[in-house]
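Welcome to a set of short exercises with worked solutions. Take a look at the structure below, try each task yourself, and then compare your route with ours.

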Amino acid sequence: MERRFHNPYRYWASGFGFELLVFSAFIALMALVALVARWIFG
Amino acid sequence: MWIRLQNSEISSIAHYLGRLMFGVGLVQLVPLLTAVLSREWDPAFDYLFGVGLTMLVSVLLMSLSTEASAISRREALMISGLAWLTATVLAAVPLVLSGHYGSFLDSIFETASGFTTSGLTLTQDMDHLANAHNMWRHLTHLIGGQGIIVAAVSLAIGIKGGAFSLYLAEGRDEQILPNVVHTARFIWFVTGIWVAFGTLALTVNGLWHGMSFDRSFLHSFWLTIAAYDTGGFGPQSSNTLFYHNAMLEFITVVLMMAGTLNFNLHADLWRGDKGEIFKNLEARTLSANLLILTAFAAAGMAATSLMGSASEVVRKGAYHVISANSGTGHQSIYAVQWEDMGPAAFYAVMLAMAFGGMVSSTAGGIKALRIGVMIKSVVLEVRRALSPPSAVVRTKFHHLTDRVLTPELMAAAFMIFALYIFTYITGGLIGAAYGYPLGDALFESISAAANVGLSTGITSPDMPTGLKWVYTIQMWIGRLEFLTLFALVAAVVHSLVPGRRNA
C-alpha cells in the first residue's frame, strides 16, 4: 500500500504519548531480560 | 567516468558553503548569549571572535558567486562534504581559545565528535568548563544530529533548485512530506517536542535532588540534546556517572530510544498509524538486537564479582547496551571498569555499537534495517537452495510500506556492511599498532566509526596525534556514511590531476 502524505502534525500529542509508553515498556522489558539472564547464569 | 569540476561549479559550491557557514555563525550567538548571562567574559570574547571569523569566511565564500544558481547532485555532494569539514574547523576556534584543549587539533577533534554526534572528548578539566563552552559543545550535537543541511533547508536559506540534492547528499532519505523544506521542518518539530519534554523532566528531577535551578536547567538541556541526538557529551568529566541517579538514567534512555527511531516512523506514529512500529522490519530487528545483547551482557556480568548485582546488570549492563546501540555513548562507569564488567558484556556492548540504530535517525553504525535485510537475504538464499530450480522464490518485508527484497537492496546492504567492518577493523589495527590492547583498540575504533562515544580510556588528550586524526576521519566517515566523503575526495583528487579536463 503506497504511503500517503497525510498531515503528520495532526495526532502529534497522541503519537508522542504512545512513543513514551512504548519506549518505557521496552526499557522495562530489557531490564526484565537482564534480570532473567542474571538469574539463569548467576 | 570522472568529470573535473568546472570554475562555475566551484564558485557555486563556495557560494552555498558560505550560506551554510552563515548559519553556523548565527548559532554561535547562543553560547555568546550564555556567556553574557553567566557573566563569563573571557568565553564571551571567544564567541565574539568565533562569530566574527565565521561570518567573515561566510561572506568571502558567498562573494565568489553573485547569485545562487540551481545545483546538481554532484555539487550537492561536494557542498555537503565541505560544509561538515568547514563547520568543524570554524566551530573549533572558540574552543581552542578557551584553554581547555591541548591544541587546535584537539578542539577540531571535539567539534568533529560533536557534529558527528560521536561524543568522544578531549576536553581538559571539563568539570571547570564555562557554561558557554558546554553550551557550544552540546549545540554541535543538535546541529550535527539534525544535519547541517537539514538545518539550512528548514530555514530555506535561499537554496534554489538543489535543496533535495543537498538533503540526500547529507545521507538523509526521509520524504515525510512532499516538499523537502516541510520535511526538514517536521524533523525539527519532533526534535522540539522531545527536547522540551527531556529538559523539563530532567530539570524537575534535578531540582528534586537538590540542584540549583540554573544548574539543573542547563545540565538537563545539555543531557537532553546529547541523549536525543544520540551524541553522548556530558557537562561533567564522569559523564552520567556524575549524577548517580536512576531516574536520570531512565529519562535519558527514553530519549536515546526516541533519537534512534527512524524519523519516518515518528511521522507514521504521529499521523495515527500506531501499528507501524510493530510490523516494521527495522523496529523488529532493533528490538531483537537490544534484547539479545542485553541478555549476553547481563549473563556475563552475573559471573563477575563486582558487577553481578541486580542493580548493576540493569543500570550498567542494559544501560550501556542501549547507549551503545543507539549511538549515544553516555557512560555511567569509569573507563577502567569495562574490565570489571567481564568479557561477555564488553563484547556485547561492542557489537551493539557496531550494529547501530535505525536509518533516518541520529544513530550511527551499520543500522538495523541493513541487518534485517541481510538476515532476510540469507533466509531467501536458503529457501532458494531448498526449492526446485524452476521455482521463483521471492521474499517481502515491511518497512513503512510492503517491499520486495530485490538484489539491489541486498547488494546495497552488504556493501555498506562491508565498508563499516573494514573501517572498524582498520581503526582497531591502527590502535593496536600504537601499542594499545587489541580489544580496547577495536572498541575505540568502533565507537568512533559508529559515532557512539563510549571509551575504554584510549581517547584522551595524551593519545598519539596520528590516532586523533584516525578517529576524527572515522567519525566523519561514519556520519556521512562513506558516499559523500568518498565523492568529495574523488572530486578533489581528480581536479588536481593534470591532463584532460573531462574523461
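**Exercise 1. Place F22(B) in its helix and describe its surroundings.**

Step 1: F22(B) sits in helix α1 of chain B, which covers residues 7-27. Helices here are DSSP runs of H or I with at least four residues, strands are E runs of at least two, and both are numbered from the N terminus.

Step 2: with a relative accessible area of 34%, F22(B) is partly exposed. The scale is this: buried means under 20% relative accessible area, exposed means over 50%, and partly exposed lies in between, using a 1.4 Å probe and protein chains only.

Step 3: look for contacts, meaning heavy atoms within 4.5 Å. Leaving aside neighbours within four places in sequence, F22(B) is in contact with M55(B) and S58(B). The C-alpha atoms of F22(B) and M55(B) are separated by 5.7 Å, with their positions 33 residues apart along the chain.

A note on the ground rules: this is a predicted model, in which local features need pLDDT of at least 70 and side-chain atom pairs count only at pLDDT 80 or more, while totals for chains, interfaces and linings use all residues. Residues are numbered from 1 along each chain as its sequence is written, chains are lettered from A and ligands numbered from 1 in the order in which they are written, and side-chain values use heavy atoms, with hydrogens and water left out.

**Exercise 2. Decide whether T54(B) is buried or exposed, and list what it touches.**

Step 1: T54(B) belongs to helix α3 of chain B, residues 41-62.

Step 2: its relative accessibility is 0%, so T54(B) counts as buried.

Step 3: not counting residues up to four places away in sequence, T54(B) touches M21(B), V24(B), G25(B), Q28(B) and L90(B).

**Exercise 3. Work out the setting of A130(B) and of K468(B).**

Step 1: A130(B) is found in the loop between α5 (104-115) and α6 (131-146) of chain B, whereas K468(B) lies in helix α20, residues 465-480.

Step 2: A130(B) counts as buried at 14% relative accessibility, and K468(B) counts as buried at 6%.

Step 3: beyond its neighbours within four places in sequence, A130(B) is in contact with E40(B) and P43(B). With the same kind of filter, not counting residues up to four places away, K468(B) touches several residues, among them L105(B), D106(B), F109(B) and L122(B).

Step 4: check two C-alpha separations. A130(B) and T34(B), 96 residues apart along the chain, are 9.5 Å apart. K468(B) and I277(B), 191 residues apart along the chain, are separated by 39 Å.

**Exercise 4. Which phi values do T230(B) and N451(B) have, and where do these residues lie?**

Step 1: recall the background. Most residues other than glycine have a negative phi.

Step 2: T230(B) is not a glycine, yet its phi is positive, at about 45°. For N451(B), also a residue other than glycine, phi is positive and near 55°.

Step 3: T230(B) lies in the loop between α10 (213-228) and α11 (246-260) of chain B. N451(B) lies in the loop between α19 (438-449) and α20.

Step 4: T230(B) counts as buried at 0% relative accessibility, and N451(B) is buried with a relative accessible area of 3%.

**Exercise 5. Summarise chain B, then chain A.**

Step 1: chain B has 21 helices and two strands. Its radius of gyration (taken over C-alpha atoms) is 23 Å, close to the 23 Å that the globule rule (2.2 Å times the number of residues to the power 0.38) gives for 503 residues, so chain B is as compact as a globular protein of that length.

Step 2: of the 503 residues of chain B, 61% count as buried. Among contacts between residues at least 6 apart in sequence, 73% join residues at least 24 apart.

Step 3: chain A has one helix and zero strands, and 31% of its 42 residues count as buried.
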